[in-house]
Amino acid sequence: EPGARDEFGALAEGFNRMAATLQELYRGLEAKVQEKTAGLETKRARLAALYEASALAARAASLDELGRGFAQQMRRIARADAAALRRIDEDQQRYVLFASDCLPQALVQEESCVNVGDCLCGQGPSATSMRVIPIASAQRATACAAAGYSEIVTVPVRLHERTLGEIEFFFRGEARLDDEERALLDALAAHLAGAMEGLRAGALEREAAVAAARGLLARELHDSIAQSLAFLKIQVRLLRNAMTRGDAAATEQALAEVDT
């Protein structure tokens, strides 16, 4: 019996302690397995998101197509009610909306172009990290408040220390982003920056190719016209000489050449 003072009691007490220890170890092991499983699932989801972003960047033929795909994907990851993507202009004075997902049309039209510093969004090249903006305490987000949003999360789109744009997430409640989700959104923003720069470089290459083709055509036209003018000059000289000599046959022949 447990609690007895003889050998069987000591054995029973030791067995009970061993059973309790094994049970505790099993619970700890099960918790660690669940924790590892959750961690692996998080990493799998992150890799899947990065793979999807890379595939989207590779197949997108325009900035609009690229923006729509990234807006949908990143809004889903952030669990936001809406998302907007803005690019900064060459003078870095204005943010231009080029894609959105679930953003009300009235807000799209009203804030299609935002001057740097005029709104809580689009703070310019000085913004280098993610920001969480409570709209209730802000005085420059009346349009967002009227649309029913309570918080905005902004993520700068940067490449080689250069700001290319900004991603904005709109929440009707509290934005709940853990460290893993923040890191994933930053990584996707970096992918977006690389894809935007790739599209820009491709457009510049196409423009250079068109300019080169136009230059070649212009040179060919110039050479062709120059040859025609040189030929006409010779024929006019022959015509003048024939008329001076009074040679009717030579005059007719020169006129025919000029006419041809």
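Biologist: Among contacts between residues at least 6 apart in sequence, what percentage joins residues at least 24 apart?
Modeller: The model is predicted. Contacts in the chain between residues at least 6 apart in sequence were taken as the base. Of these, the share that joins residues at least 24 apart is 52%.

Biologist: Is the chain spread out or a compact globule, and what is the radius of gyration?
Modeller: The chain has six helices and six strands. For 260 residues the globule rule gives 18 Å, and the chain is well over that, so it is more spread out than a compact globule. The C-alpha trace spans about 150 × 50 × 30 Å along its principal axes. The radius of gyration is 37 Å.

Biologist: Which residue forms a salt bridge with Arg86 at 2.9 Å?
Modeller: Arg86 is buried, because its relative accessible area of 2% is under the 20% cut-off. Its partner lies in strand β6 (residues 162-171), 82 residues from Arg86 in strand β1. That partner is buried as well, at 0% relative accessibility. The residue is Glu168.

Biologist: Which residue joins Arg86 and Glu168 in one salt-bridge network?
Modeller: Arg86 has a further salt bridge, with its closest N and O atoms 3.4 Å apart. The partner lies in the loop between α3 (105-110) and β3 (113-115), so the pair ties together parts that are 25 residues apart in sequence. The residue is Glu111.

Biologist: Is Arg200, which meets Glu197 in a salt bridge, buried or partly exposed?
Modeller: Arg200 and Glu197 are three residues apart in helix α5, about one helical turn. Glu197 counts as buried at 17% relative accessibility. At 40%, Arg200 counts as partly exposed.

Methods:
Residues are numbered from 1 along each chain as its sequence is written. This is a predicted model: local features need pLDDT of at least 70, side-chain atom pairs count only at pLDDT 80 or more; totals for chains, interfaces and linings use all residues. Side-chain values use heavy atoms; hydrogens and water are left out. Helices (H or I, at least four residues) and strands (E, at least two) are DSSP runs, numbered from the N terminus. The radius of gyration is taken over C-alpha atoms; the globule rule is 2.2 Å times the number of residues to the power 0.38. Contact means heavy atoms within 4.5 Å. A salt bridge is a side-chain nitrogen of Lys or Arg within 4 Å of a carboxyl oxygen of Asp or Glu. Buried means under 20% relative accessible area, exposed over 50%, partly exposed in between (1.4 Å probe, protein chains only).
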